[in-house]
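Open the model in your viewer and keep the selection tool ready, since this tour moves from one selection to the next.

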Amino acid sequence: MKPQKLIESNKRFTKARRALLEVLKDRHLTFKEIYEELSKKGYTNISTLYNNLKFFLDNNLIIEINLDGVKYYDLGLDNPFHDHDSHLHMVIKDEDHYNPTIKEIDYPEIYDAIKSHPVFKHYDIEYIRILVSASPSKHKHK
Ligand SMILES: [Zn+2]
């Protein structure tokens, strides 16, 4: 089922599930960060969070980004820059590689370029997720 339809039609959209989608809006958070945000809203049941997260992952409403072994969660819907099947993220790291910033990159042409590559001709692509790791350039621009 399409993610949007699932949300509109499904009775299983409890308040806790809606709150989970809400905290992920325009952000990429780790499990711990999601938990902290939800706790502020009064949702403190960690196993409910596990279950809801799994439900959304299974239905492509939330996707997982693995950044150097740390999982970040991201909305697969209502996102102007990507759908659940196409993500281009840039991770900007500071000098200590601490507190990375994850940014959405708007570059839809890249998905077309990949999809039209002959190597994929006989396959149905499930998703394209690209992660570009970067740090601010040390070179002065001319
Ligand atoms: Zn994202």
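Select arginine 129 and tyrosine 127: the charged end of arginine 129 sits over the ring of tyrosine 127, 3.6 Å from its centre, where "over" asks that NZ of Lys or CZ of Arg be within 6 Å of the ring centre and within 35 degrees of the ring normal. This is a predicted model, in which local features need pLDDT of at least 70 and side-chain atom pairs count only at pLDDT 80 or more, while totals for chains, interfaces and linings use all residues. Residues are numbered from 1 along each chain as its sequence is written, and side-chain values use heavy atoms, with hydrogens and water left out.

Next, select arginine 17 and phenylalanine 55, where the charged end of the arginine again sits over the ring, 3.9 Å from the centre.

Now turn to the largest nonpolar core (buried Ala, Val, Leu, Ile, Met, Phe, Trp, Tyr and Cys residues joined through side-chain atoms within 4.5 Å; buried means under 20% relative accessible area, exposed over 50% and partly exposed in between, with a 1.4 Å probe and protein chains only). Among its 19 residues, select Leu20, Leu24, Ile34, Phe56 and Ile62, which touch the most other members.

Stay on isoleucine 62, whose contacts (heavy atoms within 4.5 Å) include Leu20, Phe56, Tyr73 and Gly76, leaving aside residues up to four places away in sequence. A second, separate core has six residues, among them Ile63, Ile65, Leu67 and Ile102.

Finally, select glycine 76: is this residue buried or exposed? Glycine 76 counts as buried because its relative accessibility is 0%. Add leucine 61, which is 15 residues from glycine 76 in sequence, yet 4.7 Å away in space, C-alpha to C-alpha.
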